[in-house]
Amino acid sequence: MSPQPMTAGPRTLRLGTRRSRLATTQSGHVADALQALGHEIELVEIVTEGDISTAPLEQIGGTGVFASALRMALHNSDIDFAVHSLKDLPTTPEPGLIVAATPRREDVRDVVIARDGLTLGELPPGSVVGTGSPRREAQLRALGLGLEFTGIRGNVETRIARVTAGDVDAIILARAGLARLGLTHLATEVLDPIQMLPAAGQGALAVECRADDAELIALLAAVDDADTRACITAERTVLRELEAGCTAPIGVLGEIVEGFDGPELSLRAFVGTRAGALELRRSMVGAADDPEGVGIRLARLLLEDGAAQAREPRPPTDGPPSTPPPTSVTASMESDQ
Ligand SMILES: NCc1[nH]cc(CCC(=O)O)c1CC(=O)O
């Protein structure tokens, strides 16, 4: 063992990352930005159960499985910070950790990758779309194109291969993920949010570290983007408010728009059921500096106008209070990896 240097050099920041190409690319972006500011970064690979297992996500603990191994490594001080896809991060705050930065968000839209260069409208009725996302399935059903659905999982490259192999006619992916992999040319159609609202936080990254690491928190502020944070805060507030017993597919998008006297936050949401019994779209505009308030108001409106119908049946009132099913926190979140 070599002795510690007499004078402490600049601190080397250990960045934990999952090993998928999407995860390493995302971590690499944040590492590059910090290195450009003169910081020393060491990448540490963390393997998560979600990366190894091909079981449906609901069986292995929902989308939270991707975040939990990184969070464990943070708690154990094996790493100093982690970069998550924000849409894979459960809305429940993790005690002892803090999202210290949300870098400027990329394209929020979903894209279609269909066989033979086709768009959704060009696919004949009965065509099979491979998606494990209730949000994507519900919004595609709402288009009334007669499409059929089958669940698929796996990383982005694996899912693209299912179209190439002819197993499915089309898949839906986040454009941001494709962009990070340099694969946007494979998209056969970009879906406007009017048709397909993204998952809360889609296209955004969350940089998480220990809540007591004041030095790192101050340093990570350099890669934070205030507009992105406002939008994703509003989106995740809607998700959190609706999750109180609601396992419906939810799409939600916040955008900073120029209002009459300053920037405003425009927020729109879709709430549906997988079978298409409910399709609810509502929007709300409010102060850009009160994203949580705008989110709460939109969630209330959605619940008043029917989102509450999509809730789980209530347990008998005279019995002991039942605990919600374990998947309720993540079931409404994006389940396509
Ligand atoms: N749930 C998986 C996941 N998490 C983040 C992305 C893409 C990048 C992003 O939305 O930030 C994807 C793939 C996809 O849904 O197509």
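**Two sheets and their helices in a predicted model**

Ser 77 is exposed, having 10 other C-beta atoms within 10 Å, which puts it inside the limit of 12 or fewer for that class. The model in which this residue is seen is a predicted one. Ser 77 is found in the loop that runs between helix H3 (64–75) and strand S3 (81–85). Its backbone is worth a look, since Ser 77 has a positive phi of about 60° although it is not a glycine. A second residue invites the same inspection: Asp 116, likewise not a glycine, has a positive phi of about 55°. Asp 116 lies in the loop between S5 and S6, and it counts as exposed because it has 9 C-beta neighbours inside 10 Å, where exposure calls for 12 or fewer.

With these two loops located, the chain as a whole can be introduced. It has nine helices and 13 strands. Of its 337 residues, 43% are buried. Among contacts between residues at least 6 apart in sequence, 73% join residues at least 24 apart. As for confidence, the mean pLDDT of the chain is 87, and 82% of its residues reach 70 or more. The predictor gives the complex an ipTM of 0.94 and a pTM of 0.86. One stretch should be read with care: over residues 319–335 the pLDDT stays under 50. For those residues the model has 37 contacts beyond four places in sequence.

The loop that holds Asp 116 leads into an open sheet. This sheet has five strands in the order S7-S6-S8-S5-S9, and its pairing is mixed. At the edges are strand S7 (148–150) and strand S9 (189–190), each of which pairs on one side only. Strand S6 (residues 128–130) pairs with S7 in the parallel sense, over three bridges. To find this pairing in the structure, one can start from Val 128, whose bridge partner in S7 is Glu 148. Helix H5 (residues 156–164) packs on this sheet and touches strand S5 (110–114), S6 and strand S8 (170–174). The direction of H5 makes about 155° with that of S8.

A further open sheet is built from three strands in the order S11-S12-S13, with antiparallel pairing. Its edge strands are S11 and S13, each pairing on one side only. Neighbouring strands of this sheet are turned by 15° against each other on average, direction ignored. Helix H4 (residues 134–142) packs on the sheet, where it touches S11, S12 and S13, and its direction makes about 85° with that of S12.

The pairings within this sheet can be followed strand by strand. S11 and S12 are antiparallel and share 10 bridges, and the hairpin joining S11 to S12 passes through two residues. Within this pair, Glu 258 has Pro 263 in S12 as its bridge partner. On the other side of S12, nine bridges join it to S13, again in an antiparallel run. Two residue pairs mark out this pairing: Glu 264 has Ala 287 of S13 as its bridge partner, while Val 271 is bridged to Leu 280 of S13.

Helix H8 is also associated with these strands. It lies across S11 and S12, running at about 145° to S11. How much of H8 is covered? The helix is mostly covered, with 13 of its 17 residues buried. Its length fits expectation: at 1.5 Å a residue, the 17 residues of H8 should span 24 Å, and its end C-alpha atoms are 25 Å apart, which agrees.

Helix H9 (residues 291–304) gives a similar check on length. At 1.5 Å a residue its 14 residues should span 20 Å, and the end C-alpha atoms are 20 Å apart, in agreement. Which residues of H9 are buried? They are Pro 291, Val 294, Gly 295, Leu 298, Ala 299, Leu 302 and Leu 303. Seen down the axis of H9, these buried residues fall within an arc of 165°, so they line one face of the helix. The cover over them includes helix H8 (226–242), strand S11 (250–259), strand S12 (262–272) and strand S13 (279–287). After H9 comes Gly 306, whose phi is positive, near 135°.

Methods
Residues are numbered from 1 along each chain as its sequence is written. This is a predicted model: local features need pLDDT of at least 70, side-chain atom pairs count only at pLDDT 80 or more; totals for chains, interfaces and linings use all residues. Two strands pair if DSSP finds at least two bridges between them. Helices (H or I, at least four residues) and strands (E, at least two) are DSSP runs, numbered from the N terminus. Two residues are in contact if their C-beta atoms, placed from the backbone, lie within 7 Å. Axes are lines fitted to C-alpha atoms, for helices over the stretch in contact, and angles run from 0 to 180 degrees between N-to-C directions. pLDDT is the predictor's confidence in each residue, from 0 to 100. The expected span of a helix is 1.5 Å times one less than its number of residues. A residue is buried if 20 or more other C-beta atoms lie within 10 Å of its own, exposed if 12 or fewer, and partly exposed in between; C-beta atoms are placed from the backbone. The arc is that of the directions from the helix axis to the C-beta atoms.
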